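The following exercises concern the architecture of a single protein chain. Please attempt each task with the structure in view before reading the worked solution.

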Amino acid sequence: MSALTTPFGFSSTATEVAQGIDLTGRRAVVTGASSGIGAATAHALAGTGAEVTLAVRDMTAGERVAKDITGSTGNQEVRVAHLDLTDPASVTAFTTAWEGPLHVLVNNAGVMVCPEKYTEQGWEWQFATNHLGHFALTTGLHGALAADGAARVVVVSSTGHQQSPVVFDDVNFAFRPYDPWLAYGQSKTAGVLFAVEATRRWAGDNITANALMPGAIYTNLQRHTGGRGSGRVPAHLIKTVEQGAATSVLLATSPLLEGVGGRYFVDCNETEVIDRRSGTLHGVARYAVDPDNARRLWTLSEQLGSRSGL
């Protein structure tokens with residue numbers, strides 16, 4: 001299977017990627033769309049004519065972004081809904097309230113290298129936010145995605161996944177000393193594995209899921225790292241927010257991605273599978289696209305969710 005390439009690349013913006021795309025009559029949800037690349041992703045999708053729901057924790061910030069999007073695109077179908085990915089009740093409320101089909105789900109919200117913290121269920125905070133909450137959201141919306149007939153799920157991961165595989169016997173650091181970078185890496189690996197298994201499981205529903213690395217972008221995501229991520233990315237590789245949203249928008253809208261799933265993209269193109277940490281922003285670790293790992297993670301996620309009543 002050859003890698004999928006597109007006419008877009010590092011410098012492409014979300015607006016450029018979405019140019020000429022018409023999603024009138026289609027519906028999209030973007031989590032974490034109250035700032036950063038989530039807001040830019042929602043803006044580009046609204047520009048295609050899609051009905052866009054901003055799923056956010058901060059309703060005030062979400063309403064402000066929605067107003068800005070409507071003002072700049074003229075799209076009146078921009079909505080805001082509350083969603084706290086670390087709260088199973090909030091996720092259930094969102095999925096229960098959703099009515100009708102869903103064409104695009106962008107699992108964008110996330111936290112990065114935060115101090116040690118756990119949910120009421122005992123879940124490590126980054127794994128809970130970046131993976132478990134999105135797992136519950138997506139599986140809860142499965143019926144709506146299946147009703148579309150050609151729905152797409154977009155998972156925002158990171159090159160940070162190369163920091164750690166999913167440690168299945170200790171995802172919550174019950175036995176290991178907590179390390180924020182390892183926890184971040186594990187949660188981002190989980191996102192890639194979810195895309196692999198969702199595509200396999202839901203092939204009969206024509207649902208595809210792909211994961212991506214948006215690039216190095218300075219946003220609120222880096223609030224626990226002094227605003228500069230790892231601090232190891234050269235200045236010339238830092239993207240704008242619009243450039244950072246481009247790969248998400250490509251996976252959500254491009255005709256080139258029809259029927260394509262279970263893959264990992266960087267700079268708007270599928271990247272290579274690697275067996276050693278690359279030292280660059282490209283490459284997806286083999287353990288992150290391994291089908292056996294993907295199936296195991298799905299089972300674990302279901303088990304954790306069932307214990308919380310999801």
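**Exercise 1. The sheet**

Task: Determine in what order the 8 strands of the open sheet are arranged, and which strands stand at the edges.

Solution.
Step 1. In this predicted model, the strands of the open sheet follow the order β3-β2-β1-β4-β5-β6-β9-β10. The pairing among these 8 strands is mixed.
Step 2. The edges are occupied by β3 (78-82) and β10 (269-270). Each has a single partner strand, so one side of each lacks a neighbour in the sheet.
Step 3. As background, the strands of a sheet pair through backbone hydrogen bonds, in either the parallel or the antiparallel sense.

**Exercise 2. The neighbours of β5**

Task: Establish which strands pair with β5, in what sense, and over how many bridges.

Solution.
Step 1. Strand β4 (residues 104-107) is joined to β5 by 4 bridges, and the two run parallel. Within this pair, V104 stands opposite R152.
Step 2. Strand β6 (residues 208-213) is joined to β5 by 5 bridges, again in parallel. Here R152 stands opposite T208, and V153 stands opposite A209.
Step 3. The connection from β5 to β6 passes through α7, and this β-α-β crossover is right-handed.

**Exercise 3. From β6 to β9**

Task: Find how many bridges join β6 to strand β9, and which residues stand opposite M213 and L212.

Solution.
Step 1. The pairing of β6 with strand β9 (residues 264-266) is parallel and comprises 3 bridges.
Step 2. The bridge partner of M213 in β9 is V266.
Step 3. L212 stands opposite F265 in β9.

**Exercise 4. Burial of two strands**

Task: Decide how many residues of β5 and of β6 are buried, and which residues point each way.

Solution.
Step 1. A residue counts as buried when its relative accessible area is under 20%.
Step 2. In β5, 5 of the 5 residues meet this criterion, so the strand is largely enclosed by the rest of the structure. R152, V154 and V156 point one way, whereas V153 and V155 point the other way; all are buried.
Step 3. In β6, 6 of the 6 residues are buried, so this strand is also largely enclosed by the rest of the structure. T208, N210 and L212 point one way from β6, and A209, A211 and M213 the other way.

**Exercise 5. The largest cavity**

Task: State how much space lies in the largest cavity, and describe which residues and elements line it.

Solution.
Step 1. The structure has 1 cavity of 30 Å³ or more. About 90 Å³ of space lies in the largest cavity.
Step 2. The lining comprises 14 residues, of which N130, H131, H134, V155 and G191 are the closest to the cavity centre.
Step 3. Two or more lining residues come from each of α5 (125-140), β5 (152-156) and α7 (180-201). The most are given by α5, with 5 residues.
Step 4. By class, the lining residues divide into 5 nonpolar, 8 polar and 1 charged.

**Exercise 6. Three loop residues**

Task: Classify Q162, Y118 and A174 as buried, partly exposed or exposed, and locate each in its loop.

Solution.
Step 1. Q162 is found in the loop between β5 and α7. Its relative accessible area is 8%, so Q162 is buried. Beyond residues up to four places away in sequence, Q162 touches I274, R277, S278, G279, T280, H282, G283 and Y287.
Step 2. A174 also lies in the loop between β5 and α7. With 61% relative accessibility, A174 counts as exposed, because the criterion for exposed is over 50%. The C-alpha atoms of A174 and V249 are separated by 37 Å, with these positions 75 residues apart along the chain.
Step 3. Y118 belongs to the loop between β4 and α5. At 30% relative accessibility, Y118 counts as partly exposed. Neighbours within four places in sequence aside, Y118 is in contact with W123, E124, W125, N172, F173 and Y178. Y118 and T86 are 32 residues apart along the chain, and their C-alpha atoms are separated by 9.3 Å.

Key: Residues are numbered from 1 along each chain as its sequence is written. This is a predicted model: local features need pLDDT of at least 70, side-chain atom pairs count only at pLDDT 80 or more; totals for chains, interfaces and linings use all residues. Side-chain values use heavy atoms; hydrogens and water are left out. On a 1 Å grid over the protein atoms alone, a cavity is a set of points where a 1.4 Å probe fits but cannot get out, and a pocket is an open set with protein on both sides within 12 Å along at least five of seven lines; lining residues have an atom within 4 Å of a point. Grid points are joined across faces, edges and corners, and a volume is the space filled by probe spheres set on the points. Ala, Val, Leu, Ile, Met, Phe, Trp, Tyr, Cys and Pro count as nonpolar, Asp, Glu, Lys and Arg as charged, and the others, Gly among them, as polar. Buried means under 20% relative accessible area, exposed over 50%, partly exposed in between (1.4 Å probe, protein chains only). Contact means heavy atoms within 4.5 Å. Two strands pair if DSSP finds at least two bridges between them. A crossover is right-handed if, with the strands pointing away from the viewer, the path from the first strand over the helix to the second runs clockwise.
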